[in-house]
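Please open the model in a viewer and keep the sequence panel visible. The tour proceeds by selection: at each stop, select what is named and then read what is found there.

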Amino acid sequence: MKAAVTSGERSPLDVLRVAFDDPEGVEGRLRVTEFLTAMPAIGVTKRERILEQLEISPAKRLGGLGRLQRRRLREFVSAWVAAHGGTGSRLVVLAGPTAVGKGTVAGYIRDNHPDVKLSVSATTRKPRPGEVEGEHYFFVDDAEFDRLIAEGELLEWATVHNASRYGTPRGPVDDAIRAGSSVLLEIDIQGARAVREAMPEATLIFLQPPTWDELVRRLVGRGTEGPAEQQRRLETAKVELEAASEFDHEVVNRDVAEAAQKVVDLMKPTKPLGRARSRP
Ligand SMILES: Nc1nc2c(ncn2[C@@H]2O[C@H](COP(=O)(O)OP(=O)(O)O)[C@@H](O)[C@H]2O)c(=O)[nH]1
Ligand SMILES: Nc1ncnc2c1ncn2[C@@H]1O[C@H](COP(=O)(O)OP(=O)(O)O)[C@@H](O)[C@H]1O
């Protein structure tokens with residue numbers, strides 16, 4: 001059974017992805033105990049402490065873990081792999097309601113955290129003043145966007161605000177992850193859901209406004225939409241706010257620099273577990 005976990009160049013994160021995708025498959029039927037013991041530098045004693053810390057019963061199989069247990073195990077494995085010479089790189093998605101400040105926070109990270117890689121999306125919308133080709137977006141026409149979809153070159157794509165299409169080029173993301181870097185995708189809620197489907201080990205962050213009134217103020221204050229479009233986007237925002245519970249983390253965008261720092265901190269592989277938490 002060990003082969004299922006460490007066969008060839010497959011990382012433990014790949015094994016988790018396969019197990020969660022197909023709970024009845026070989027990897028899905030692996031006991032968590034077998035999976036952990038096959039990882040570098042984890043013996044039986046340490047394994048018991050880890051399972052206690054993760055609050056996972058030793059009898060559990062990978063495919064039988066609940067959503068929170070899967071997330072805790074994925075985060076642990078990502079940190080453990082990073083600490084033991086693996087890549088531990090992370091795909092992180094930043095999404096949230098329109099006008100919450102995703103673009104502003106992502107832009108702040110691009111300008112102030114040069115160590116963080118940001119995915120540059122393809123879009124069919126026209127560039128705005130100050131937007132630079134290949135930095136803010138790859139501006140393409142509909143025919144080119146259709147080609148990107150047809151050739152499987154997009155990790156995900158969506159039509160946003162019933163208008164333009166936006167999509168995440170797969171190549172640069174795969175290259176960065178393979179190189180051991182973490183990558184930040186600033187995309188809409190639909191895109192976040194698609195990434196969750198395609199790459200369950202991705203970390204999803206929901207950017208929250210401090211209050212609804214502040215969100216309205218930012219949308220109106222931005223001045224990029226007329227009253228009718230603003231109203232339509234506010235209706236969409238109400239629905240988008242309900243998606244927060246599908247995300248792994250929430251960050252309130254009260255102050256841009258503070259929110260940016262919280263996102264960057266969430267991109268770092270979590271430290272391997274410390275002392276076992278005393279049970280309440
Ligand atoms: N699904 C998806 N959404 C994206 C992508 N890139 C940007 N978006 C989203 O598209 C929306 C519109 O972005 P943009 O036109 O830059 O700015 P906005 O109209 O001022 O919000 C924002 O919610 C972005 O998060 C992408 O690659 N995929
Ligand atoms: N923390 C913040 N405090 C006040 N205004 C903000 C903050 N973050 C963003 N904004 C403003 O809110 C508006 C919407 O931000 P934007 O980044 O375009 O949102 P999104 O990309 O989520 O649609 C912009 O005018 C931006 O300057």
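**First stop: R70 and its surroundings**

Select R70 together with F20, P23, G63 and L65: R70 touches each of these four, residues up to four places away in sequence being left out of the count. Please bear in mind throughout that this is a predicted model. R70 is found in helix α5, which covers residues 67-83. Display its side chain and the backbone of L65: the side chain of R70 reaches the backbone oxygen of L65 at 3.1 Å. Next, add D21 to the selection. Which side chain of opposite charge is nearest to R70? That of D21, 6.8 Å away; R70 is buried yet has no salt bridge.

**Second stop: T33**

Move to helix α3, residues 32-37, where T33 has its place. Is T33 buried or exposed? T33 counts as buried because its relative accessibility is 11%, and the cut-off for buried is under 20%. To see its contacts, select R47, L51 and P58, which T33 touches when residues up to four places away in sequence are not counted.

**Third stop: the open sheet**

Now select the strands of the open sheet. There are 5 of them, in the order β2-β7-β1-β8-β9, and their pairing is parallel. The edge strands are β2 (117-118) and β9 (249-252), each of which pairs on one side only. Strand β8, residues 203-208, runs parallel to β9 and is joined to it by 4 bridges. For a particular pair, select F206 and E250: E250, in β9, is the bridge partner of F206.

Add helix α6, residues 102-112, which packs on the sheet and touches β1 (91-95), β2, β7 (183-186) and β8. The direction of α6 makes about 155° with that of β7. Then add helix α8, residues 170-178, which also packs on the sheet, touching β1, β2 and β7. The direction of α8 makes about 150° with that of β7.

**Last stop: the β5-β6 hairpin**

Finally, select residues 154-160 and 164-169, which are strands β5 and β6; they pair in the antiparallel sense over 6 bridges. In general, strands of a sheet pair through backbone hydrogen bonds, either parallel or antiparallel. Within this pair, select W157 and its bridge partner in β6, G167. The two strands, β5 and β6, form a hairpin with 3 residues between them. In the turn, select H161, which has a positive phi of about 55°. Strand β5 is mostly covered, with 5 of its 7 residues buried.

Terms used:
Residues are numbered from 1 along each chain as its sequence is written. Chains are lettered from A and ligands numbered from 1 in the order in which they are written. This is a predicted model: local features need pLDDT of at least 70, side-chain atom pairs count only at pLDDT 80 or more; totals for chains, interfaces and linings use all residues. Side-chain values use heavy atoms; hydrogens and water are left out. Buried means under 20% relative accessible area, exposed over 50%, partly exposed in between (1.4 Å probe, protein chains only). Contact means heavy atoms within 4.5 Å. Lys and Arg count as positive and Asp and Glu as negative; His and the chain ends are not counted. A salt bridge is a side-chain nitrogen of Lys or Arg within 4 Å of a carboxyl oxygen of Asp or Glu. A polar contact is a pair of N or O atoms within 3.5 Å; within protein, one must be able to donate a hydrogen and the other to accept it, and residues adjacent in sequence count only if both atoms are side-chain atoms. Two strands pair if DSSP finds at least two bridges between them. Axes are lines fitted to C-alpha atoms, for helices over the stretch in contact, and angles run from 0 to 180 degrees between N-to-C directions.
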